[in-house]
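Q: Could you take me slowly through one part of this structure, namely the helices and the way they pack against each other? I am in my first year, so please explain each step as you go.

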2 protein chains.
Amino acid sequence: MGRPLRADAARSVRAILEAAEQVLAEDPGASMEQIAEQAGVARTTVHRRFANRQALIEALAASAKQQLMESVADAHMDTAPPLVALHRVTANVLRIKSVWRFTLGHPLADSPLTAAIWSEVNAGALAFFARAQREGLLAPDTDLMWARRVYYALVEEAQHGGGADLDPDQVRQNADAMATLVVDTFLRGTGPHG
Amino acid sequence: MGRPLRADAARSVRAILEAAEQVLAEDPGASMEQIAEQAGVARTTVHRRFANRQALIEALAASAKQQLMESVADAHMDTAPPLVALHRVTANVLRIKSVWRFTLGHPLADSPLTAAIWSEVNAGALAFFARAQREGLLAPDTDLMWARRVYYALVEEAQHGGGADLDPDQVRQNADAMATLVVDTFLRGTGPHG
DNA sequence: CTGATTTGCATCAATGTTGTTGCGTGGGAA
DNA sequence: TTCCCACGCAACAACATTGATGCAAATCAG
């Protein structure tokens with residue numbers, strides 16, 4: 001990257017990325033003009049900062065996945081007790097996902113970089129589930145691949161329902177509540193316990 | 001509808017609908033030309049049969065949702081024992097969904113008609129889960145709305161993985177196997193039983 | 001303050017998609 | 001067999017989107 005962006009330029013870039021996320025979340029086929037409008041910026045400015053639509057989406061993916069990885073790392077899944085780690089990572093991921101609905105919802109625009117990040121996250125998840133199984137949190141006969149798919153599906157579903165326009169505080173509380181629900185359902189299902 | 005279509009015309013319509021389903025499943029923004037090509041038909045023929053892209057998608061939705069409703073009715077969810085009914089409807093729906101990935105995967109193009117069908121299916125599902133809860137299949141404290149969302153998410157997930165280009169026989173077997181997995185996970189989760 | 005940078009705006013060409021029309025041909029139906 | 005319908009093909013206009021350029025005004029940084 002050449003020299004650092006000027007303050008206003010940096011502001012534009014951030015505004016465009018946020019706008020793109022919001023607009024594309026509602027309509028993945030939205031035009032650059034709609035994104036520019038939402039960002040409060042002329043369409044030419046968008047093209048100045050991002051040559052292609054592709055470039056814009058990749059930048060989006062980069063931002064989102066970096067934040068996602070930080071929030072995953074923050075859960076310390078390799079040291080904390082499995083149940084605690086699972087709850088914590090679920091809440092963290094739900095919080096991030098509520099902000100990046102489009103980028104994290106569509107596995108599109110997987111540049112080699114972001115693809116690598118993804119496979120790293122997936123491998124980490126699988127390793128975590130393996131440990132959880134060894135420590136008795138998952139049934140011994142549970143297929144780990146299927147468990148991971150189920151877990152992802154529940155997280156995705158938990159984020160679909162509520163969660164539009166909330167205070168940052170409410171977002172955190174909601175993420176916690178949904179995390180409890182997700183983990184509980186993931187481990188015990190919906191049938192009678194015991 | 002005026003007079004019945006001639007044999008070749010009917011064939012074209014079917015070819016176009018199948019092609020649209022396949023092409024749109026891979027790229028929801030695909031052009032009419034791509035659909036026509038996949039159907040082995042000139043683009044003008046597509047426009048002859050379906051005035052708009054919208055009209056085509058609605059026709060798609062009509063076909064798919066009719067088949068879906070038939071497959072649901074076929075499970076006799078109101079009379080059969082809940083566990084049996086749940087397994088049967090799951091297998092049936094998985095079979096239909098594997099064919100109509102695009103149309104049933106995207107709640108787009110909800111004409112008033114198809115929207116009505118949807119809400120009917122959803123209401124039926126909720127009623128079924130209520131009965132299942134009364135008869136002890138679901139825990140008494142399970143939120144039925146959440147249960148329905150979880151069930152839908154699991155069905156959707158089960159259909160994502162395998163299932164591309166299989167014999168009709170293999171499709172049925174696969175649907176059965178996945179239905180068992182889905183129902184089991186739905187009711188008991190992935191944790192240790194018992 | 002002053003120079004450099006960014007932006008908005010107007011404009012332009014290129015492109016792809018949509019939807020329509022007319023015509024000749026080939027296959028279905030009575 | 002004969003008539004008619006549906007098809008493919010070519011061509012067309014309308015439209016939206018993309019991406020680029022030049023320029024004057026606003027704004028940032030040293």
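A: What follows starts with one chain as a whole and then looks closely at its helices and at helices of the partner chain.

The model is a predicted one, and every value below should be read with that in mind. Chain A contains 9 helices and 0 strands, and its elements, taken from the N terminus on, run α-α-α-α-α-α-α-α-α. Along its principal axes, the C-alpha trace of chain A spans about 60 × 30 × 30 Å. Of the 194 residues in chain A, 43% are buried. Among the contacts in chain A with a separation of 6 or more, 69% are between residues 24 or more positions apart.

Two packed helices are described by the angle between their axes and the distance between the axes. A pair within chain A shows how this works: helix α1 (residues 7-26) and α4(A) pack at an angle of about 95°, and their axes lie 10 Å apart. Because angles of 65 to 115 degrees count as roughly perpendicular, α1(A) is roughly perpendicular to α4(A). On the side of α1(A), the contact is made by I16(A), L17(A), A20(A), E21(A) and L24(A), while α4(A) contributes R53(A), L56(A), A59(A), L60(A) and S63(A). Sorted by class, this contact has 7 nonpolar, 1 polar and 2 charged residues.

Helix α7 of chain A, which covers residues 112-134, lets us check a length: its 23 residues should span 33 Å at 1.5 Å a residue, and its end C-alpha atoms are 33 Å apart, so the two values agree. The buried residues of α7(A) are T114(A), I117(A), V121(A), A125(A), F128(A), F129(A), R131(A), A132(A) and Q133(A), and they pack against α4, α5, α8 and α9 of chain A. After α7(A) comes G136(A), whose phi is positive, near 90°.

In chain B, the residue Q133(B) is placed in helix α7. Buried means under 20% relative accessible area, and therefore Q133(B), at 19% relative accessibility, counts as buried. If its neighbours within four places in sequence are left aside, Q133(B) is in contact with L138(B), A139(B), P140(B), D141(B), T142(B) and L144(B).

One of these, L144(B), also appears among the buried residues of α8(B). Helix α8 of chain B runs over residues 144-160, and its 17 residues reach 24 Å from the first C-alpha to the last, close to the 24 Å expected at 1.5 Å a residue. Since 12 of the 17 residues are buried, α8(B) is largely enclosed by the rest of the structure; the buried ones include W146(B), R148(B), Y151(B) and E157(B). The cover over the buried residues of α8(B) includes α8 and α9 of chain A, together with α5, α6, α7 and α9 of chain B.

Packing between the chains can be followed in one more pair, in which α8 of chain A (residues 144-160) and α9 of chain B (residues 168-188) pack at an angle of about 60°, with their axes 12 Å apart. These two helices, α8(A) and α9(B), are therefore oblique to each other, and α8(A) passes α9(B) in a right-handed crossing. The contact is made by W146(A), R149(A) and V150(A) of α8(A), and by M178(B), L181(B), V182(B) and T185(B) of α9(B). By class, the contact of α8(A) with α9(B) has 5 nonpolar, 1 polar and 1 charged residues.

Methods. Residues numbered from 1 in each chain as written. Chains lettered and ligands numbered in written order. Predicted model: local features only at pLDDT ≥ 70, side-chain atom pairs only at ≥ 80, totals over all residues. Heavy atoms only, no water. Axes fitted to C-alpha atoms, helices over the stretch in contact; angles between N-to-C directions. Helix = DSSP H or I, 4+ residues; strand = E, 2+ residues; numbered from the N terminus. Parallel < 35°, antiparallel > 145°, perpendicular 65-115°, else oblique. Left-handed = near helix turned anticlockwise from the far one by under 90°. Contact = heavy atoms within 4.5 Å. Nonpolar A, V, L, I, M, F, W, Y, C, P; charged D, E, K, R; others polar. Expected span 1.5 Å × (residues − 1). Buried < 20%, exposed > 50% of the residue type's maximum accessible area, 1.4 Å probe, protein only.
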